Amino acid sequence: MMAIGVERAKRLAKEYVDDPEAYGLVYSGYSARREKGWHIHIILLGNRWRKAWLYFVLAGKNLLQALGLRRDDAPRVKR
């Protein structure tokens with residue numbers, strides 16, 4: 001699935017940003033998913049500022065979930 005995602009991301013980045021390497025992939029495994037089954041997210045970045053913004057938004061989302069201020073229905077892993 002990752003290989004398919006990379007190929008698709010390169011095509012989309014070339015089409016929309018005119019740079020086949022201007023993409024990011026986020027893998028959502030079992031403990032980090034909201035939908036059943038694993039999947040990847042393709043994010044078209046375009047430049048370093050958009051990449052920084054993506055990391056900022058993801059960090060904020062995870063911080064809110066860790067503090068219990070945003071719903072988090074990911075499965076709990078027992079230790």
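This passage walks through the predicted model of a protein chain, from its overall make-up to its helices and a few individual residues.

The model is predicted, so local features are taken only at pLDDT of at least 70 and side-chain atom pairs only at pLDDT 80 or more, while totals for chains, interfaces and linings use all residues. Residues are numbered from 1 along each chain as its sequence is written, and side-chain values use heavy atoms, with hydrogens and water left out.

The chain holds two helices and two strands, taken as DSSP runs (H or I, at least four residues, for helices; E, at least two, for strands) and numbered from the N terminus. Read from the N terminus on, the order is α-β-β-α. The average pLDDT, the predictor's confidence in each residue on a scale from 0 to 100, is 85 for the chain, and 82% of the residues score at least 70. Among the elements, H1 has the highest mean pLDDT, at 96, and S1 the lowest, at 88. Where pLDDT is low, the predicted coordinates should not be read in detail.

Of the 79 residues, 20% count as buried; here buried means under 20% relative accessible area, exposed means over 50%, and partly exposed lies in between (1.4 Å probe, protein chains only). The accessible surface of the chain comes to about 6,600 Å², and carbon and sulfur atoms account for 57% of that. These areas come from the Shrake-Rupley method with a 1.4 Å probe, and for residues only the protein chains shown count as cover. As for contacts (heavy atoms within 4.5 Å), 36% of those between residues at least 6 apart in sequence join residues at least 24 apart.

Helix H1 takes in residues 2-17, 16 residues in total, and reaches 21 Å from its first C-alpha to its last, close to the 22 Å expected at 1.5 Å a residue. The expected span is 1.5 Å times one less than the number of residues. Gly5, Ala9, Leu12 and Ala13 are the buried residues of H1. Seen down the helix axis, they fall within an arc of 105°, so they line one face of H1; the arc is that of the directions from the helix axis to the C-beta atoms. This buried set packs against strands S1 (23-28) and S2 (39-44). Over on the other side of H1, Ala3, Ile4, Arg11 and Glu15 are exposed.

After H1 comes Asp18, in the loop between H1 and S1. Its phi is near 65°, a positive value in a residue other than glycine. Most residues other than glycine have a negative phi. Asp18 is exposed, with a relative accessible area of 58%. Glu21 sits in the loop between H1 and S1 as well, and is exposed at 52% relative accessible area. The C-alpha atom of Glu21 lies 9.7 Å from that of Val6, 15 residues apart along the chain.

Ser28 belongs to strand S1 and, at 8% relative accessibility, counts as buried. Between the C-alpha atoms of Ser28 and His41, 13 residues apart along the chain, the separation is 7.8 Å.

Helix H2 (residues 48-66) has 19 residues, which should span 27 Å at 1.5 Å a residue, and its end C-alpha atoms are indeed 27 Å apart. At its N-terminal end, Asn47 acts as a cap, with a side-chain oxygen 3.0 Å from the backbone nitrogen of Trp49. H2 is followed by Gly68, whose phi is positive, near 80°.

Terms used: A polar contact is a pair of N or O atoms within 3.5 Å; within protein, one must be able to donate a hydrogen and the other to accept it, and residues adjacent in sequence count only if both atoms are side-chain atoms.
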